[in-house]
Amino acid sequence: MKLVVIGFGQCGGRIVDMFARLNGRAHSERGIEIVTGAFAVNTDAADLSGLTYIRSDYQHRILIGGRKTGGHGVGKINELAAQIAREDADKIIDAIRTTRRFFESDAFLLVAGSAGGTGSGSIPIITQIIRERYMDKPVYDLIILPFEHEESTEARTVFNTATCLKSASAVADAVFLVDNQRYVRKDFSIRSNMSRINQLIVEPFYDLLCAGEEKKPKYIGSRVLDAGDIVQTLTGWTVLGYGKSALSVFRLPFMRKSDFRSKSTETHKGIHAMDEAISELSLACNPMDADRALYLLSAPHKEMNMDLVKELGDYLRGIAPKATIRNGDYPRERGILEVTVILSGLSDVEKVREYYSHSVSLMPEVKKRQEEIITKLKAIDDTGKDIPSLL
Ligand SMILES: Nc1nc2c(ncn2[C@@H]2O[C@H](COP(=O)(O)OP(=O)(O)OP(=O)(O)O)[C@@H](O)[C@H]2O)c(=O)[nH]1
Ligand SMILES: [Mg+2]
């Protein structure tokens, strides 16, 4: 599957930078392409300069709202970002048009952090505009939810998240939810934590996107998971997960592949990897609420067999009984067994409900502050009303 990926705000830009890197990896390791265009959109020029893998010309690092913000961001006011995105949408559409092999792309993936101003405000607007323009390609949003400590210190965090989620889910074909808090490892510094988190966020997409693009016969599975399967699976609230098991390089000489001991070990490792994928889903949710699911098994050819694929299917069926399940296998040479899982069409997501209800309770407070700002601005204007204007 080939994606056009567009990041909004600092968080979105950095994660798309990781997708651009992932594409480089697919190219060098596997000779295939999974990202046809990678773009970062921001109201803040400094954030755009901090990126590494996204091409550095103005059509790939797109500054919006320059006149309104002077290139210094919108300071968490996502309504302002939404307005700017609407006004400058043509810059983004023009850039998409220049994508070299745009017609080969299967879908759009738009990425943003929900708690800031720029990303949170612009992602729903541009999702809507792209959907109207390119009706033949689905548009997916990948939305990063804030860390716990941000929620407790800043009311805007919750309010921005709620408005972003509500608006994006109304227009996107599916919304991938990623909870930053799930990726925190206490032993890393904040800076290395962020880039580590971003790597972990994009990792599950690697095999998922590569599997259907393989051309070499030895890497083509018996059941190929292609763009069609992914598009059929993705709808509404969506989470994803990834797990792996190391495989021992050497089988004991007396154990043949058909030996019951090696077979049960394979199955065990498969279940272990799937268990890890489920327990480390990008957001905590109840798999029982999933309407659709997908799993991809990748492992060396000789380690995969129909029994293992079936066992994994049975296992997933057990925890997501209501879901239509699609699957695929992807033979790789590396000595590990990997499982990627998507749960989609979730009928309930507790965390989203919490943001909504918390945000409603904050409404009076946010309104009061906005009124205060307007009153203060008006007071400044009033004070200067007798000063002659140069305009
Ligand atoms: N995973 C991850 N999360 C990030 C990263 N940068 C920021 N975030 C999260 O995303 C939220 C939004 O922050 P930014 O992306 O910096 O905000 P912005 O969209 O640039 O908006 P403004 O700067 O307010 O205009 C933050 O509260 C963080 O929780 C990142 O590199 N990785
Ligand atoms: Mg910013």
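How many aromatic pairs does a search of the whole structure find?

## Aromatic pairs

This is a predicted model, and searching the whole structure turns up 5 aromatic pairs. One to look at on screen is formed by F19 and F205: their ring centres are 5.2 Å apart and the planes meet at 65°, so the pair is edge-to-face, the cut-off for that class being over 60 degrees.

This pair also links distant parts of the chain. F19 belongs to helix α1, whereas F205 belongs to helix α9 (residues 205–211), and 186 residues separate the two.

## The pocket and its shell

Now let us turn to the ligand. Ligand 1 takes up the space of the largest pocket. Three elements each give two or more residues to the shell around ligand 1: α1 (9–30), α5 (118–133) and α8 (190–202).

In total, 21 residues surround ligand 1, and the closest are R14, T118, G119, E150 and N198. Sorted by class, this shell holds 9 nonpolar, 9 polar and 3 charged residues.

## Polar contacts of the ligand

Which atoms should you zoom in on here? At E150, an N or O atom of the side chain lies 2.3 Å from an oxygen atom of ligand 1. The backbone takes part as well: a polar backbone atom of G119 is 2.7 Å from an oxygen atom of ligand 1, and for a polar backbone atom of K76 the distance to a ligand 1 oxygen atom is 3.1 Å.

As for how much of the ligand is covered, ligand 1 taken alone exposes 640 Å², and the protein buries 90% of that.

Methods
Residues are numbered from 1 along each chain as its sequence is written. Chains are lettered from A and ligands numbered from 1 in the order in which they are written. This is a predicted model: local features need pLDDT of at least 70, side-chain atom pairs count only at pLDDT 80 or more; totals for chains, interfaces and linings use all residues. Side-chain values use heavy atoms; hydrogens and water are left out. A residue is near a molecule or strand if one of its heavy atoms lies within 4 Å of it. A polar contact is a pair of N or O atoms within 3.5 Å; within protein, one must be able to donate a hydrogen and the other to accept it, and residues adjacent in sequence count only if both atoms are side-chain atoms. Accessible areas come from the Shrake-Rupley method with a 1.4 Å probe; for residues, only the protein chains shown count as cover. On a 1 Å grid over the protein atoms alone, a cavity is a set of points where a 1.4 Å probe fits but cannot get out, and a pocket is an open set with protein on both sides within 12 Å along at least five of seven lines; lining residues have an atom within 4 Å of a point. A molecule sits in a cavity or pocket if more than half of its atoms lie within 2 Å of its grid points. Helices (H or I, at least four residues) and strands (E, at least two) are DSSP runs, numbered from the N terminus. Ala, Val, Leu, Ile, Met, Phe, Trp, Tyr, Cys and Pro count as nonpolar, Asp, Glu, Lys and Arg as charged, and the others, Gly among them, as polar. Rings of Phe, Tyr and Trp (its six-membered ring) pair if their centres lie within 6.5 Å; planes under 30 degrees apart count as stacked, over 60 as edge-to-face and the rest as tilted.
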